[in-house]
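Please open the model in a viewer and keep the sequence panel visible. The tour below proceeds by selection, with a short account of what is found at each stop.

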Amino acid sequence: MPILTANLPAPAGVGSGAAASTANIGFSKVIAVSGTLTGASVNIEVSAGGSSFCPVVTFTSPGTKQIGAVADEMRVTVTNGDASGATIDVGGIDATLANSFTMLPVTAGDGSGASVDLSTAGAIRTFVVQATGDSDYAGTLTIEGSLDDVNFVPTSLSFQSPDCQSQADEAYPFLRVTRNNTSAGGGSGTPVVWVGAENIAALVQPNILLQDPPPGAPPSAAPLPAAAVIPNAILLFDTSGGAIAQPLPLAASLPAGTGAWIKEIIPGAALTVTPTGGDTIDLIAGPFAIAASGANLFVTDGMTNWIAL
């Protein structure tokens, strides 16, 4: 899985820059802002289809941040100050075969829109809700799911105003939007709902996973050699006896798009992953912390950076 990047142009002053296509970049993304922000508030916005955008993260100084969104386009909106001296980039794994974008119909008044079949679209989904003709709309929009396209139940997602939300735990094959309480007043705009979805299965290639230590052996209580991080490896650690800092090999030593899992299977102290030489993890120099009992997949770009997923 190679790494894809895109530049997000900053406007000359206050306003929105040109949208850049990010349809082939995976859900997990790193935003890097370098250069000069002169009193600027820089909002990174995503779209899941059409021309509706929603802010997901804000920068007031150069740096990097990680976001999760399935977005067909992204853009920069500056609300004050000057960001024309900044360079803003986004990167993530190549999801060319995995991402899809669909509009969910919404009724003019109370009621349920037509259902949409998302059975092949994947479980990681980003919903972007906006209004056309006004800044807001009347009523509440609830995303409903169904297993048979007959019986629908509310999901955890509802929108009372334009917003964007992502979820990965309610993978209903059929979705629809139900609108309620339009008579209670509100904006006069027409709500528009788009969903971007990522099908992880489309990213996974058949492979053989190599476990270190081998199956049946206890997890490692000390760092393993960097050479243990090979394509499709699973490295298991026991930190009950103390902190472990696991080194990665040089990113350029492995083909782009390959990597390994690092898992804390017995928690205790800190488990961190450290890049080698001048390499970075998510474009950040220094250690990456694995959550207690957590796991991350580290994928190389084949040059100088590892992406943590």
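**The disulfide**

Begin by selecting Cys54 and Cys164, which form a disulfide with their sulfur atoms 2.3 Å apart; a disulfide here is a pair of cysteine sulfur atoms within 2.5 Å. This is a predicted model, in which local features need pLDDT of at least 70 and side-chain atom pairs count only at pLDDT 80 or more, while totals for chains, interfaces and linings use all residues. Residues are numbered from 1 along each chain as its sequence is written, and side-chain values use heavy atoms, with hydrogens and water left out.

The count of disulfides under this rule is 1. The bond links distant parts of the chain, since Cys54 belongs to strand E6 (residues 54-59) and Cys164 to strand E16 (residues 163-167), 110 residues apart. Strands (E, at least two residues) are DSSP runs numbered from the N terminus. Because the torsion about the S-S bond of Cys54 and Cys164 is about -75°, the disulfide is left-handed.

**Strand E8 and its partners**

Next, select strand E8 (residues 73-82) together with strand E2 (residues 15-16); the two pair antiparallel through 2 bridges. Two strands pair if DSSP finds at least two bridges between them. Within this pairing, Ser16 stands opposite Thr77 of E8.

Add strand E3 (residues 20-21), which is also joined to E8 by 2 bridges in the antiparallel sense. Here Ala20 has Met74 as its bridge partner.

Then add strand E5 (residues 38-47), which runs antiparallel to E8 and is joined to it by 8 bridges. Met74 appears again at this stop, standing opposite Val46.

**The hairpin of E14 and E15**

Move to strand E14 (residues 140-146) and strand E15 (residues 152-159), an antiparallel pair with 5 bridges. Thr142 is bridged to Ser158 of E15. The hairpin has 5 residues between its strands, and Asp149 takes a positive phi near 65°.

**Thr107**

Select Thr107, in the loop between strand E10 (99-104) and strand E11 (111-112). A polar atom of the Thr107 side chain lies 3.4 Å from the backbone oxygen of Gly111. With residues up to four places away in sequence set aside, Thr107 touches Ser112, Gly113 and Arg179; contact means heavy atoms within 4.5 Å.

**The second largest pocket**

Finish at the second largest pocket, which holds about 190 Å³ of space. A pocket is an open set of points on a 1 Å grid over the protein atoms alone where a 1.4 Å probe fits, with protein on both sides within 12 Å along at least five of seven lines; lining residues have an atom within 4 Å of a point. The volume is the space filled by probe spheres set on the points.

Select Ile3, Thr5, Leu283, Asp301 and Asn305, the closest to the pocket centre of its 15 lining residues. Strands E1 (3-7), E4 (28-35), E9 (86-93) and E27 (305-308) each give two or more residues to the lining, and E9 supplies the largest share, 4 residues.

Conventions: Polar contact = N/O pair within 3.5 Å; in protein donor to acceptor, adjacent residues only side chain to side chain.
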